[in-house]
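Work through these exercises with the model open. Try each task before you read its solution.

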Amino acid sequence: MRKTILSIAMLCSIQSFAQSPESVLKELKSNNVLFPKIVLAQSILETGWYTCNNCSLDANNLFGLYNSKEMKYFSYKNWKESIGGYKRGVQYKYHKKEYDDYYAFLTDINYASDPNYISKLKTIVKIIEGETP
């Protein structure tokens, strides 16, 4: 898996984000994030493989977490803090309902407006796991 994740990092040739997917995955696991590969895929998708400009990444927000009251992305001091924001803002809801899979949970909470969001996540997870999408 290490080679696969490192090769994903190489795909991000114009990388504005200084971390690799491997380091993000390590941080997700160290913070006991549920379903870390899916959440890693979310960070990759939300930030355009960590290369987006004028997006949530500018606020150190790996997940596109949006403050609808202030009409802007939640801002964090560093990218690692956004993992805590994800846990507090998204994953705490996971324990309140019973789900057989995390993808169904993300759909039920309307995490993303893109109707193809889950299929895109699944494709990225396959790439992370070294499978052919």
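**Exercise 1. Place a lysine.**
In which helix does lysine 122 lie? Then classify lysine 122 by its relative accessibility.

Solution.
- Step 1. Lysine 122 belongs to helix 6, which covers residues 117–128.
- Step 2. The model is predicted. Its relative accessibility for lysine 122 is 40%.
- Step 3. Buried needs a value under 20%, and exposed needs one over 50%. Lysine 122 therefore counts as partly exposed.
- Step 4. Tyrosine 103 is 19 residues away from lysine 122 in sequence. Their C-alpha atoms are 8.7 Å apart in space.

**Exercise 2. Outline the chain and its confidence.**
How many helices and strands are there in the chain? What average pLDDT does the chain have?

Solution.
- Step 1. The chain contains six helices and two strands.
- Step 2. Along the sequence, their order is α-α-α-β-β-α-α-α.
- Step 3. Of the chain's 133 residues, 41% are buried.
- Step 4. Take the contacts with a separation of 6 or more. Residues 24 or more positions apart make up 45% of them.
- Step 5. The average pLDDT is 87, and 85% of the residues score at least 70.
- Step 6. Residues 5–15 stay under 50 in pLDDT. For this stretch the model has 19 contacts beyond four places in sequence.

**Exercise 3. Classify the crossing of helix 2 and helix 3.**
At what angle do the axes of helix 2 and helix 3 cross? Which residues meet there?

Solution.
- Step 1. Helix 2 spans residues 21–30, and helix 3 spans residues 36–46.
- Step 2. Their axes come within 9 Å and cross at roughly 135°.
- Step 3. An angle over 145 degrees would count as roughly antiparallel, and 65 to 115 as roughly perpendicular. Helix 2 and helix 3 are therefore oblique to each other.
- Step 4. The crossing of helix 2 with helix 3 is right-handed.
- Step 5. Helix 2 brings Pro21, Val24, Leu25, Leu28 and Lys29 to the contact. Helix 3 meets them with Pro36, Lys37, Val39, Leu40, Ser43 and Ile44.
- Step 6. By class, the residues of this contact are eight nonpolar, one polar and two charged.

**Exercise 4. Repeat for helix 2 and helix 4.**
Are helix 2 and helix 4 parallel or oblique to each other? Which residues make the contact?

Solution.
- Step 1. Helix 4 runs over residues 79–94. The axes of helix 2 and helix 4 come within 10 Å and cross at roughly 45°.
- Step 2. Roughly parallel would need an angle under 35 degrees. Helix 2 and helix 4 are therefore oblique to each other.
- Step 3. Their crossing is right-handed.
- Step 4. Ser23, Val24, Glu27 and Leu28 of helix 2 touch Trp79, Lys80 and Ile83 of helix 4.
- Step 5. The residues of this contact divide into four nonpolar, one polar and two charged.

**Exercise 5. Follow helix 3 to helix 6.**
How many residues of helix 3 are buried? How do helix 3 and helix 6 cross?

Solution.
- Step 1. Helix 3 is mostly covered, with eight of its eleven residues buried.
- Step 2. These are Pro36, Ile38, Val39, Leu40, Ala41, Gln42, Ser43 and Ile44.
- Step 3. The axes of helix 3 and helix 6 come within 9 Å and cross at roughly 110°. The two helices are therefore roughly perpendicular to each other.
- Step 4. Helix 3 passes helix 6 in a right-handed way.
- Step 5. On helix 3, the contact uses Lys37, Ile38, Leu40, Ala41, Gln42, Ile44, Leu45 and Glu46. On helix 6, it uses Tyr117, Lys120, Leu121, Ile124, Val125 and Ile128.
- Step 6. The classes are ten nonpolar, one polar and three charged residues.

**Exercise 6. Inspect the loop between helix 3 and strand 1.**
Is leucine 65 buried or exposed? Which residues does leucine 65 touch?

Solution.
- Step 1. Leucine 65 sits in the loop between helix 3 and strand 1 (66–67).
- Step 2. Its relative accessible area is 10%, so leucine 65 is buried.
- Step 3. Beyond four places in sequence, leucine 65 touches Tyr73, Phe74, Tyr76, Ser82, Gly85, Tyr86, Val90 and Tyr111.
- Step 4. Asparagine 54 lies in the loop between helix 3 and strand 1. Asparagine 54 is not a glycine, yet its phi is positive, about 55°.
- Step 5. At 76% relative accessibility, asparagine 54 is exposed.

Methods
Residues numbered from 1 in each chain as written. Predicted model: local features only at pLDDT ≥ 70, side-chain atom pairs only at ≥ 80, totals over all residues. Heavy atoms only, no water. Axes fitted to C-alpha atoms, helices over the stretch in contact; angles between N-to-C directions. Helix = DSSP H or I, 4+ residues; strand = E, 2+ residues; numbered from the N terminus. Left-handed = near helix turned anticlockwise from the far one by under 90°. Contact = heavy atoms within 4.5 Å. Nonpolar A, V, L, I, M, F, W, Y, C, P; charged D, E, K, R; others polar. pLDDT = per-residue confidence, 0-100. Buried < 20%, exposed > 50% of the residue type's maximum accessible area, 1.4 Å probe, protein only.
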